[in-house]
Amino acid sequence: MEIKATTICAVKRNGVTAMAGDGQVTMGQSIVMKGNAKKVKRIYDDKVVVGFAGSVSDAFTLSEKFEEMLQKYSGNLMRSAVELAESWRKGTMMRNLEAMLIVADKENLYLISGDGNVIEPEEGVCAIGSGGNYALSAARALIENTDMSAEEIVRKAMKIAADICVFTNHNIVVETV
């Protein structure tokens, strides 16, 4: 699955998880449709942060399904992520969704992949979307070589990604838990 027009980056450090997303919505390879979309949001009474990449309608659908799982499993992030991934793999509608999520609460950080996997990232750093590899590389370097906070790292990593990736802009939204 090739995800374009989004960059989401999350960093967990010193008991704080920060997640950032850019605001660009791109149609095809050459048209910026919107520059201030919000792809990172707080859910479940502001206890969980979710960021999404992929087809807009698919990402909204996946995000809504994840919220339903959080309600069903009383905010248990791991159980909700695993149940969502399982329903994704088994369901006919969910199987075709072209989207990915990063989800986090105070203790946990997970990437829910487009093929129905739940991945706990190494070193508390993950990123998705067209600029995800740029943001991931920058965040890993900053984690290893600085004492910056989680929020400072995601902001800097997103700036670097936006400087390099044409599908990522500098309109950054950051949420922390």
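This section describes a five-stranded sheet, the helices on it, one aromatic pair and two loop residues in a predicted model.

The sheet is open and holds 5 strands. Their order is E5-E6-E7-E8-E9, and the pairing is antiparallel. Two strands stand at the edges: E5 and strand E9, residues 118-119. Each has a single partner strand, so one side of each is left without a neighbour in the sheet. Within the sheet, E6 and strand E7 (residues 99-104) run antiparallel and are joined by 6 bridges. Phe52 takes part in this pairing, with Leu101 in E7 as its bridge partner.

Two helices pack against these strands. Helix H1, residues 56-72, lies across E5, E6, E7 and strand E8 (109-112). Its direction runs at about 40° to E7. Helix H2, residues 77-90, packs on the sheet as well. H2 touches E6, E7, E8 and E9. The direction of H2 makes about 5° with that of E8.

Aromatic pairing was then examined. The count comes to 1 aromatic pair. The partners are Phe52 and Phe60, with ring centres 5.5 Å apart. Their planes stand at 65°; angles over 60 degrees count as edge-to-face, so the pair is edge-to-face. The two residues were also assessed for burial. Phe52 has 6% relative accessibility and counts as buried, because the limit for burial is under 20%. Phe60, at 41%, counts as partly exposed.

Two loop positions complete the description. Lys47 is found in the loop between strand E5 (40-43) and strand E6 (48-54). Setting aside residues up to four places away in sequence, Lys47 touches Ala104, Asp105, Lys106 and Val177. One of these contacts, Asp105, is 58 residues from Lys47 in sequence. In space, the C-alpha atoms of Lys47 and Asp105 are 6.0 Å apart.

Ser113 occupies the loop between E8 and E9. Its relative accessible area is 6%, so Ser113 is buried. With residues up to four places away in sequence again not counted, Ser113 touches Trp88, Ala99, Met100 and Ile119. Trp88 falls within the residue range of H2, 77-90. Ala99 and Met100 fall within that of E7, residues 99-104. Ile119 lies in E9, residues 118-119.

Conventions:
Residues are numbered from 1 along each chain as its sequence is written. This is a predicted model: local features need pLDDT of at least 70, side-chain atom pairs count only at pLDDT 80 or more; totals for chains, interfaces and linings use all residues. Side-chain values use heavy atoms; hydrogens and water are left out. Rings of Phe, Tyr and Trp (its six-membered ring) pair if their centres lie within 6.5 Å; planes under 30 degrees apart count as stacked, over 60 as edge-to-face and the rest as tilted. Buried means under 20% relative accessible area, exposed over 50%, partly exposed in between (1.4 Å probe, protein chains only). Helices (H or I, at least four residues) and strands (E, at least two) are DSSP runs, numbered from the N terminus. Contact means heavy atoms within 4.5 Å. Two strands pair if DSSP finds at least two bridges between them. Axes are lines fitted to C-alpha atoms, for helices over the stretch in contact, and angles run from 0 to 180 degrees between N-to-C directions.
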